[in-house]
Amino acid sequence: MNVQLNNPIFEKLGMTYPIIQGGMAWAGTGHLAGSVSEAGGLGIIGTGYWHADQVRAEIKRAREVTDRPFGVNVMLMSRHIREVFDVIIEEGVKVVATGAGDPSPYLDELHEHGITVMPVVPSVGLAQMMEKKGVDAVIAEGSESGGHIGSLATMTLVPQVVDAVNIPVIAAGGIADGRGAAAAVMLGASGIQMGTRFLASEESEIHQNFKDAVLKARDIDTVVTGELMGNRARVLKTKMAKKYIKNERVEVTKPKPDAAAVEKLENGSLRRAVVDGDKENGAFMAGQIAGMVNDIEPVSEILENTWSQASELLNKTWRTK
Ligand SMILES: Cc1cc2nc3c(=O)[nH]c(=O)nc-3n(C[C@H](O)[C@H](O)[C@H](O)COP(=O)(O)O)c2cc1C
């Protein structure tokens, strides 16, 4: 019997599995997110720096594969953020996840429209601040994750956040099977979020070069870029990533780039990996768990295999208590 976690948000959304497909700029398309929701998890469309029309188009694509609720992940630093929120509200999206930043200026408005808000947090302090401002849950994301990261690992971050807040805590970072999912539950999480595992799914629309790179990656094949610029992101160790890290030492002495320059760099390099599969110039964001992701599966199997394995482990542990 699969274990049911006590998570009122997941119950309200009618999810079969307590598993979220984390929002991934460019990679978290409407098709992937819709497929995850249709299979009983919660899919989240990653919107990055997209403008409103692109966001609306991907919401429509999600609706082509599911009538179930799905979420949209927004980049609060985006210059298009106001119009993106307008689309989310107009389209009746049920869940908003936020990456870096503080979503509280938009919170009342989102809540008025019945939207559940879940920010990603890399620390206890930010989790407490978010709870005080009234968010519905937090996603505690460890530094094993693909994409932008903080500095604490999932193992240390999750139990400390769980102890510090009274809202549901979703664990993210380094989870790709039932063992990781069960471990996160043992740490006190009432849900898990995976990104890298879903990159290697049948419904993932990333370029084949990107999928192949995830499948080929070993445990030590990711690096962190942006360390010196205060904008850390975990990517696969490609030629571009190594060059980027080398250049940072020079770049950091220059004046800080403005928002438009950061958008051009980040939006461009991730798009080149996801859409073009450009091995020379793309940023192949992926987590350390890529070393354990060795096959492409349909999202329905990823969800069922992960949660049935976790349930078996949790049932065994709880029975012996
Ligand atoms: C290609 C890629 C892009 C990502 N983009 C975003 C993003 O736009 N916003 C965000 O909050 N998280 C982003 N993430 C993080 C994921 O939502 C998720 O939390 C993370 O992948 C979980 O760790 P894992 O990769 O070890 O499963 C991204 C991750 C990847 C791999």
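A polar contact here is a pair of N or O atoms within 3.5 Å, a cut-off to keep in mind for the first views. One more thing before we start: this is a predicted model.

**Figure 1. Polar contacts reach the ligand from Ala25, Asn73 and Gly195.**
Start with Ala25, where a backbone N or O atom lies 3.1 Å from a nitrogen atom of the ligand. Because the cut-off is 3.5 Å, this pair of atoms qualifies as a polar contact. At Asn73 a polar side-chain atom is involved, 3.0 Å from an oxygen atom of the ligand. Gly195 takes part through a backbone N or O atom, which lies 2.8 Å from an oxygen atom of the ligand. On its own the ligand has 600 Å² of accessible area, and the protein covers 95% of it.

**Figure 2. A shell of 18 residues lies around the ligand.**
Which of these residues come nearest to the ligand? They are Gly23, Glu141, Gly174, Gln193 and Thr196. Sorted by character, the shell holds six nonpolar residues, 11 polar ones and one that is charged. Two elements to look for in this view are strand β9 (192-194) and helix α9 (196-199), each of which supplies at least two residues of the shell.

**Figure 3. Trp26 and Trp50 meet edge-to-face.**
The structure has three aromatic pairs, and this view shows one of them. The ring centres of Trp26 and Trp50 are 5.4 Å apart, with 90° between the planes. Trp26 sits in the loop between β1 (19-21) and α2 (30-38), while Trp50 sits in the loop between β2 (42-46) and α3 (52-65), so the pair ties together parts that are 24 residues apart in sequence. Are these two residues buried or exposed? Both Trp26 and Trp50 are buried.

**Figure 4. Phe210 and Phe284 form another edge-to-face pair.**
Here the centre-to-centre distance is 4.9 Å, and the planes stand at 75°. Phe210 belongs to helix α10 (residues 208-216), and Phe284 lies in the loop between α12 (259-274) and α13 (299-320). The two residues are 74 apart, and their pair links distant parts of the chain. Phe210 has a relative accessibility of 1% and counts as buried. Phe284 is buried too, with a relative accessible area of 2%.

**Figure 5. A salt bridge joins Lys133 and Asp102.**
Side chains of opposite charge can pair when their charged atoms come close. In this structure there are 15 salt bridges. The one shown here spans 2.9 Å from N to O, between the side chains of Lys133 and Asp102. Lys133 is in helix α6 (residues 124-133), and Asp102 is in the loop between β4 (95-98) and α5 (104-112). These partners are 31 residues apart, and the pair links distant parts of the chain. Lys133, at 37% relative accessibility, is partly exposed, and Asp102 is partly exposed as well, at 26%.

**Figure 6. More salt bridges to explore, including a network.**
Arg218 pairs with Asp221, their closest N and O atoms being 2.9 Å apart. Asp221 has a relative accessible area of 16%, so this residue counts as buried, the limit being under 20%. Elsewhere, Asp276 and Arg271 form a salt bridge of 3.3 Å, N to O. Asp276 is partly exposed at 38% relative accessibility, and Arg271 is partly exposed at 30%. To finish, find the network of salt bridges that links Arg56, Lys60, Arg63, Glu90 and Glu91.

Technical notes: Residues are numbered from 1 along each chain as its sequence is written. This is a predicted model: local features need pLDDT of at least 70, side-chain atom pairs count only at pLDDT 80 or more; totals for chains, interfaces and linings use all residues. Side-chain values use heavy atoms; hydrogens and water are left out. A residue is near a molecule or strand if one of its heavy atoms lies within 4 Å of it. A polar contact is a pair of N or O atoms within 3.5 Å; within protein, one must be able to donate a hydrogen and the other to accept it, and residues adjacent in sequence count only if both atoms are side-chain atoms. Accessible areas come from the Shrake-Rupley method with a 1.4 Å probe; for residues, only the protein chains shown count as cover. Helices (H or I, at least four residues) and strands (E, at least two) are DSSP runs, numbered from the N terminus. Ala, Val, Leu, Ile, Met, Phe, Trp, Tyr, Cys and Pro count as nonpolar, Asp, Glu, Lys and Arg as charged, and the others, Gly among them, as polar. Rings of Phe, Tyr and Trp (its six-membered ring) pair if their centres lie within 6.5 Å; planes under 30 degrees apart count as stacked, over 60 as edge-to-face and the rest as tilted. Buried means under 20% relative accessible area, exposed over 50%, partly exposed in between (1.4 Å probe, protein chains only). A salt bridge is a side-chain nitrogen of Lys or Arg within 4 Å of a carboxyl oxygen of Asp or Glu.
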